[in-house]
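The following questions and answers are offered to a reader who meets this structure for the first time. Please keep the sequence and the model in view while reading.

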Amino acid sequence: MDDARTQALLRRDSEVFLHQAMSTPCLDTLEAAEGIYIQDATGKKYMDFHGNNIHQLGYGHPHVIKRVQEQIAKLPFSPRRFTNETAIECAEKLTEICGGELNRVLFAPGGTSAVGMALKLARHITGNYKVVSLWDSFHGASLDAISVGAKRVFAKVWGR
């Protein structure tokens, strides 16, 4: 992290990105990722234990790349007002895996949105507006996800 290029990129980043409680300032720069490794600008590789949905298969898994390329070439996006075979097959597989009364799905663009959607569904179904959560847990950075996660770093949001 001592090389001039890395320091220049970190400076440029801090000048154009809004500061976020959980990810600012950036720690280093990345130039590549493969399997379980991320690689910085100097070529040093690290095992990535950060999270962010990649660990199940690793970065650049050949099967995932192949299927993403096929899907992008065929149908890169489908608004929810329309349906398509891929979305239905995925939903069917999820309901098959879950079984029982878990027979419908609602896709979300990411984890924070999924938490917000789950909170809204829970309120709608139960009529309750209170939830049980763990102090200092992280469920995302949207207002609804922050409100149930009670992450200490977000206490400023509530003025505490």
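Q: In which loop is Gln56 found?
A: The model discussed here is a predicted one. In this model Gln56 belongs to no helix or strand but to a loop. The loop that holds Gln56 runs between β3 (45–47) and α2 (62–74).

Q: Is Gln56 buried or exposed?
A: A residue counts as exposed when its relative accessible area is over 50%. Gln56 has a relative accessible area of 64%, and therefore Gln56 is classed as exposed.

Q: What distance separates the C-alpha atoms of Gln56 and Ile36?
A: Along the chain, Gln56 and Ile36 are 20 residues apart. Ile36 lies in another loop, the one between β1 (30–34) and β2 (37–40). In space, the C-alpha atoms of Gln56 and Ile36 are separated by 9.4 Å.

Q: How is Ile36 classed by its relative accessible area?
A: Values from 20% to 50% fall between the buried and the exposed classes. Ile36 has a relative accessible area of 42%, so the class of Ile36 is partly exposed.

Q: What is the area of the nonpolar surface patch that includes Ile36?
A: Ile36 makes this patch together with Tyr37, Met47 and Phe49. The area of the nonpolar patch is about 450 Å².

Q: How many helices and strands are there in the protein, and in what order do they run?
A: The protein has five helices and three strands. Read from the N terminus on, the order of the elements is α-β-β-β-α-α-α-α.

Q: Which element of the protein has the highest mean pLDDT?
A: Over the protein, the mean pLDDT is 86, and 88% of the residues reach 70 or more. Among the elements, the lowest mean, 81, belongs to helix α5 (residues 143–149). The highest mean, 95, belongs to helix α3 (residues 85–98).

Q: What share of the residues of the protein counts as buried?
A: A residue is counted as buried when its relative accessible area is under 20%. The protein has 160 residues, and the share that counts as buried is 13%.

Q: Which side chain of opposite charge is nearest to Asp40, and how far away is it?
A: Asp40 has its place in strand β2 and is buried, yet has no salt bridge. A salt bridge needs a nitrogen and a carboxyl oxygen within 4 Å. The nearest side chain of opposite charge is that of Lys44, at 6.3 Å.

Q: With which side chain does Asp40 make a polar contact of 3.3 Å?
A: Although Asp40 has no salt bridge, its side chain takes part in a polar contact. The contact has a length of 3.3 Å, and the partner of Asp40 is Tyr46.

Q: Which residues do salt bridges that share partners join into one network?
A: Side chains of opposite charge can pair when their charged atoms come close. In helix α2, Lys66 and Glu70 are four residues apart, which means a separation of about one helical turn, and their closest N and O atoms are 2.8 Å apart. Arg67 also forms a salt bridge with Glu70, at 3.3 Å between the closest N and O atoms. Shared partners thus give one network of Lys66, Arg67 and Glu70.

Q: How far apart are the closest N and O atoms in the salt bridge between Lys93 and Glu96?
A: Lys93 and Glu96 are three residues apart in helix α3, so about one helical turn separates them. Lys93 is partly exposed at 45%, whereas Glu96 is exposed at 58%. The closest N and O atoms of this salt bridge are 3.5 Å apart.

Q: Which backbone nitrogen does the side chain of Asn84 reach?
A: Asn84 lies in the loop between α2 and α3. Asn84 has a relative accessible area of 17% and is therefore buried. At 2.9 Å, the side chain of Asn84 reaches the backbone nitrogen of Ala87.

Q: How far apart in space are Ala91 and Leu106, C-alpha to C-alpha?
A: Ala91 lies in helix α3 and, at 17% relative accessibility, counts as buried. In sequence, Ala91 and Leu106 are 15 residues apart. In space, the C-alpha to C-alpha distance between Ala91 and Leu106 is 8.4 Å.

Methods:
Residues are numbered from 1 along each chain as its sequence is written. This is a predicted model: local features need pLDDT of at least 70, side-chain atom pairs count only at pLDDT 80 or more; totals for chains, interfaces and linings use all residues. Side-chain values use heavy atoms; hydrogens and water are left out. Helices (H or I, at least four residues) and strands (E, at least two) are DSSP runs, numbered from the N terminus. Buried means under 20% relative accessible area, exposed over 50%, partly exposed in between (1.4 Å probe, protein chains only). pLDDT is the predictor's confidence in each residue, from 0 to 100. Patches are made of residues with over 30% relative accessible area and no salt bridge: like charges are joined within 9 Å, nonpolar side chains (Val, Leu, Ile, Met, Phe, Trp, Tyr) within 5 Å. Accessible areas come from the Shrake-Rupley method with a 1.4 Å probe; for residues, only the protein chains shown count as cover. Lys and Arg count as positive and Asp and Glu as negative; His and the chain ends are not counted. A polar contact is a pair of N or O atoms within 3.5 Å; within protein, one must be able to donate a hydrogen and the other to accept it, and residues adjacent in sequence count only if both atoms are side-chain atoms.
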